[in-house]
Amino acid sequence: MKKLILLLLFIPVLSFGQDQTYFDGPYIFIEKNKLIEKKIINGKVFSKILRTSSYDTTYSPEKSTFNNIRKIAALSDIHGQYDLVIELFKNNKIIDENLNWRFGKGHLVITGDIFDRGDKVNEVLWFIYKLEAQAKNKGGRVHYLLGNHEYMILYNDLRYLHEKYKTSSTLLNLEYDELYSEKTIIGRWLRSKSTIVKINNNIFTHGGISEDFISYGDFNLEKINDTMRKSIPQLKKLRKSRNEVKSDSIFYNVYYGNKSLIWYRGYFKNNLTDTDISKILKLVDSDHIVVGHTSNEEVVQLYNNKIFGVDSSIKKGKYGEVLIIKNKRFFRGTLNGKSIELVSK
Ligand code: ZN
């Protein structure tokens, strides 16, 4: 009996131990009267025809402002670390044991960068896709804001792409950005997403809001999100190259430059004063700004709780946190589910 148990324990190790099962997908392509689902298992592509009714094929943008929301959770820069995020969400009661929404009417904000670095990007995308629908059914919301890595992928800038996805792209005989084109389910879904959202008196965006960005035009969230959505390349034949986008230097600087919403790191550089931050907050009519993009070991507060950094280095695959906002109080939700209040210094 003992021998049998030992043997049973060893079988999976022997078969998957050295050569791990390679799984990727599904990628769902939209054709005229059907959907084509493609999955890759151990170097082979498996295709299946699905009815068009299996998935929504149009996604309308969410509004950019929400009020009277009683609880909010925020995190950032997941970078394909599916398993860690599942653990973090379970322990912080955002999902249940079966990975279903458990956050009621709460709002979950992902401030960008699900793509790149890690090798479970599609697992995260489909999980968030599912969670978004479940949340909405319960009166809650999931806001997946686009970060610089989402925009990079949509522009086929593959500098940070995991090797696995280069293989997938080759096997599917498509350029990588075509796996997320507007002819795919996830591609259309991504193109409906916002880059900035305001919930109660908190603004969420990937990098941050610089004074330069505000000075460019009137600060209107709907307008900014609309401009960002329209700047995403559409059909391949119409795709603008990075250089073409760059050639409109004003537009490029404002929306894709160092001081843009998706690339800015200014809050973490120690050259802004509390007064500078108060000025920015006043201009954007908000009391707090929550950002990702700049990595810290945990969720942090800066400038007396005016700014929160929620990139807690999940990308390393070892640890991560969520920011919880409840009754105007701010908490770090740790990986094991502890709540630690953030207090201004
Ligand atoms: Zn980033």
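Let's start with strand β6: five of its five residues are buried, so the strand is largely enclosed by the rest of the structure. Keep in mind as we go that this is a predicted model. In a regular strand the side chains alternate between the two faces of the sheet. With β6, you can look at either face and find cover: H107, V109 and T111 sit on one side, L108 and I110 on the other, and all are buried.

V109 is a good residue to zoom in on. It belongs to β6, which spans residues 107-111. Its relative accessible area is 0%, and since buried means under 20%, V109 counts as buried because it falls below that cut-off. Who surrounds it? Leaving out residues up to four places away in sequence, V109 touches I72, A73, A74 and L75, along with H143, L145, V197, I199 and F204. For a sense of distance, take G208: it lies 99 residues from V109 in sequence, and the two C-alpha atoms are 15 Å apart in space.

Some of those contacts lead straight to the neighbouring strand. Strand β5 (residues 71-75) runs parallel to β6, and four bridges join the two. Within that pairing, A74 has V109 of β6 as its bridge partner. On to the next pairing of β5, which is with strand β13 (residues 322-326): here the sense is antiparallel, again over four bridges. I72 finds its bridge partner in I325 of β13.

Now zoom out to the whole sheet. It's an open one of six strands, in the order β7-β6-β5-β13-β14-β15, and the pairing is mixed. The edges are β7 (141-145) and β15 (339-341), each of which pairs on one side only. From one strand to the next, the twist averages 25°. Helices pack on this sheet too. Helix α2 (residues 82-91) touches β5, β6, β13 and β14 (329-333), and its direction makes about 160° with that of β5. Helix α3 (residues 121-137) packs on the sheet as well, touching β6 and β7, with its direction at about 145° to that of β7.

Follow the V109 contacts the other way, and V197 and I199 come up, as does F204. That brings us to strands β8 and β9. Strand β8 (residues 196-199) is joined to β9 by four bridges, and the two run antiparallel. Across the pair, K198 stands opposite I203 in β9. The hairpin they make has two residues between the strands, and in it N200 takes a positive phi near 55°.

Strand β9 (residues 202-205) is another one with nothing left out in the open: N202 and F204 point one way, I203 and T205 the other way, and all are buried. Besides β8, there's strand β10 (residues 288-291), which pairs with β9 in the parallel sense over four bridges. In that pairing, N202 has H288 of β10 as its bridge partner.

Elsewhere there's another open sheet, this one with three strands in the order β1-β2-β3 and antiparallel pairing. Its edge strands are β1 (23-30) and β3 (44-50), each pairing on one side only. Neighbouring strands here are turned by 20° against each other on average, ignoring direction. Strand β2 (residues 35-41) pairs with β3 in the antiparallel sense over seven bridges, and K38 has S47 of β3 as its bridge partner. Helix α5 (residues 163-171) packs on this sheet and touches β1, β2 and β3, its direction making about 45° with that of β1.

Last stop: a pair of helices. Two packed helices are described by the angle between their axes and the distance between the axes. For helix α8 (residues 221-231) and helix α10 (residues 249-256), the angle is about 115° and the axes are 12 Å apart. That makes α8 roughly perpendicular to α10. The crossing of α8 and α10 is left-handed. At the contact, T227, M228 and S231 of α8 meet F251, Y255 and Y256 of α10. Sort the residues of this contact by type and you get four nonpolar, two polar and no charged.

Terms used: Residues are numbered from 1 along each chain as its sequence is written. This is a predicted model: local features need pLDDT of at least 70, side-chain atom pairs count only at pLDDT 80 or more; totals for chains, interfaces and linings use all residues. Side-chain values use heavy atoms; hydrogens and water are left out. Axes are lines fitted to C-alpha atoms, for helices over the stretch in contact, and angles run from 0 to 180 degrees between N-to-C directions. Angles under 35 degrees count as roughly parallel, over 145 as roughly antiparallel, 65 to 115 as roughly perpendicular and the rest as oblique. A crossing is left-handed if the near helix is turned anticlockwise from the far one by less than a right angle, and right-handed if clockwise. Contact means heavy atoms within 4.5 Å. Ala, Val, Leu, Ile, Met, Phe, Trp, Tyr, Cys and Pro count as nonpolar, Asp, Glu, Lys and Arg as charged, and the others, Gly among them, as polar. Two strands pair if DSSP finds at least two bridges between them. Buried means under 20% relative accessible area, exposed over 50%, partly exposed in between (1.4 Å probe, protein chains only).
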